[in-house]
Amino acid sequence: MIKLYLDWISQPSRAVKAVLDILKVPHEVKPLMIQYNQHKSPEFTAIHPLQQLPLLQDGDFTVAESHNIMRYIIKQKNISTNLYPLTDIRQQTRIDQYLDYHHTNTRRCFHFYYSVLIAPRKGQKVIPEVLEKEKYDVEKVFQYFENNWLKGKNYICGDQVTLADISACSEMMQLDMIKFDFKKYPITNAWLHKVINIPELYQAHHVAFKIIKKQNPGSQFLK
Ligand SMILES: N[C@@H](CCC(=O)N[C@@H](CS)C(=O)NCC(=O)O)C(=O)O
């Protein structure tokens, strides 16, 4: 049985979990909590020296990096899905284009969330200029979604939900914990509602929503 190591608070972990559930791939969840350094245990380090989540183990084969894990599952099991259509090279390339962009752009949401919510809790000093820059970077990503990725389209890569939407939505939802004003970006906000309401993705956010409920009880995404 495939094993998926994850932390429910981790954005890429939630995205992979949702994809496995959407595709109905049997797997066993191995939850680890980064806040308690469980990903740094000797046992986990032996499997994944980079000590990062998510991680997938398929027998004796270990697969790291969320986007890589998603594509591995689809290719390895030869699954026919609009999430990443194996027979349409152009659509695959569009999806990969977003997934590559994600790491150095959308992922910046994490840095801003961390500085606002986590760093102060850990007693780490947040430099105001750095925070300002992180906020600016996130706003730039949202502007790019509004004016490019989602312009005139239902989803990032066209009319169908793909891995791109799942990964992006999971990352952006973290900002709901710090009361980010999504409504400033109406196209992106409407798209976020569509994507997060995919039942498997909503379910993968069950722990995230507990935090959102506490930090941002007025959240538009709570049910
Ligand atoms: N590019 C990686 C990012 C993985 C990543 O940054 N995971 C974080 C949690 S969201 C982690 O494991 N952090 C623990 C650490 O770096 O100590 C992916 O997409 O899987």
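The dialogue below works through several features of this predicted model, one at a time.

Q: Where should a reader begin with the numbering and the status of the model?
A: Residues are counted from 1 along each chain as its sequence is written. The model is predicted, so that local features are given only at pLDDT of at least 70 and side-chain atom pairs only at pLDDT 80 or more, whereas totals for chains, interfaces and linings use all residues.

Q: Which residues does UniProt list for "domain: GST N-terminal" and "domain: GST C-terminal"?
A: UniProt positions are in the numbering used here, feature names are shortened, and annotations may be inferred rather than shown by experiment. The unreviewed entry gives residues 1-81 for "domain: GST N-terminal" and residues 88-221 for "domain: GST C-terminal". Helices (H or I, at least four residues) and strands (E, at least two) are DSSP runs numbered from the N terminus; residues 1-81 are 36% helix and 22% strand, while residues 88-221 are 67% helix and 0% strand.

Q: What span should the 14 residues of helix H5 have?
A: The expected span of a helix is 1.5 Å times one less than its number of residues. For H5, residues 108-121, this gives 20 Å, and the end C-alpha atoms are 20 Å apart, which agrees. H5 nevertheless bends by about 45° at Tyr114, where the bend is the angle between axes fitted to the seven residues ending there and the seven starting there.

Q: Which residues of helix H3 are buried?
A: A residue is buried if 20 or more other C-beta atoms lie within 10 Å of its own, exposed if 12 or fewer, and partly exposed in between, with C-beta atoms placed from the backbone. In H3, residues 66-76, the buried residues are Ser66, His67, Ile69, Met70, Arg71, Ile73 and Ile74. What covers them includes helix H1, strands E3 and E4, and helices H4 and H7. Ile73 is buried because 24 other C-beta atoms lie within 10 Å. Leaving aside neighbours within four places in sequence, Ile73 is in contact (C-beta atoms, placed from the backbone, within 7 Å) with Leu20, Leu23 and Val25.

Q: What surrounds the ligand?
A: A residue counts as near a molecule if its C-beta atom, placed from the backbone, lies within 6 Å of it. The ligand is surrounded by Ser10, Gln11, Pro12, Ile34, His39, Gln51, Gln52, Leu53, Pro54, Glu65, Ser66 and His103. This shell divides into 4 nonpolar, 7 polar and 1 charged, where Ala, Val, Leu, Ile, Met, Phe, Trp, Tyr, Cys and Pro count as nonpolar, Asp, Glu, Lys and Arg as charged, and the others, Gly among them, as polar.

Q: Which peptide bond is cis, and which residues other than glycine have a positive phi?
A: Most residues other than glycine have a negative phi, and most peptide bonds are trans. Here the bond from Leu53 to Pro54 is cis, with omega near 5°, and Pro54 lies in the loop between helix H2 and strand E3. A positive phi is found at residues including Lys24, near 55°, and Asn37, about 60°.

Q: Are Lys24 and Asn37 buried or exposed?
A: Lys24, in the loop between H1 and strand E2, counts as exposed because it has 8 C-beta neighbours inside 10 Å. Asn37, in the loop between E2 and H2, is exposed, with 11 other C-beta atoms within 10 Å.

Conventions:
Two residues are in contact if their C-beta atoms, placed from the backbone, lie within 7 Å.
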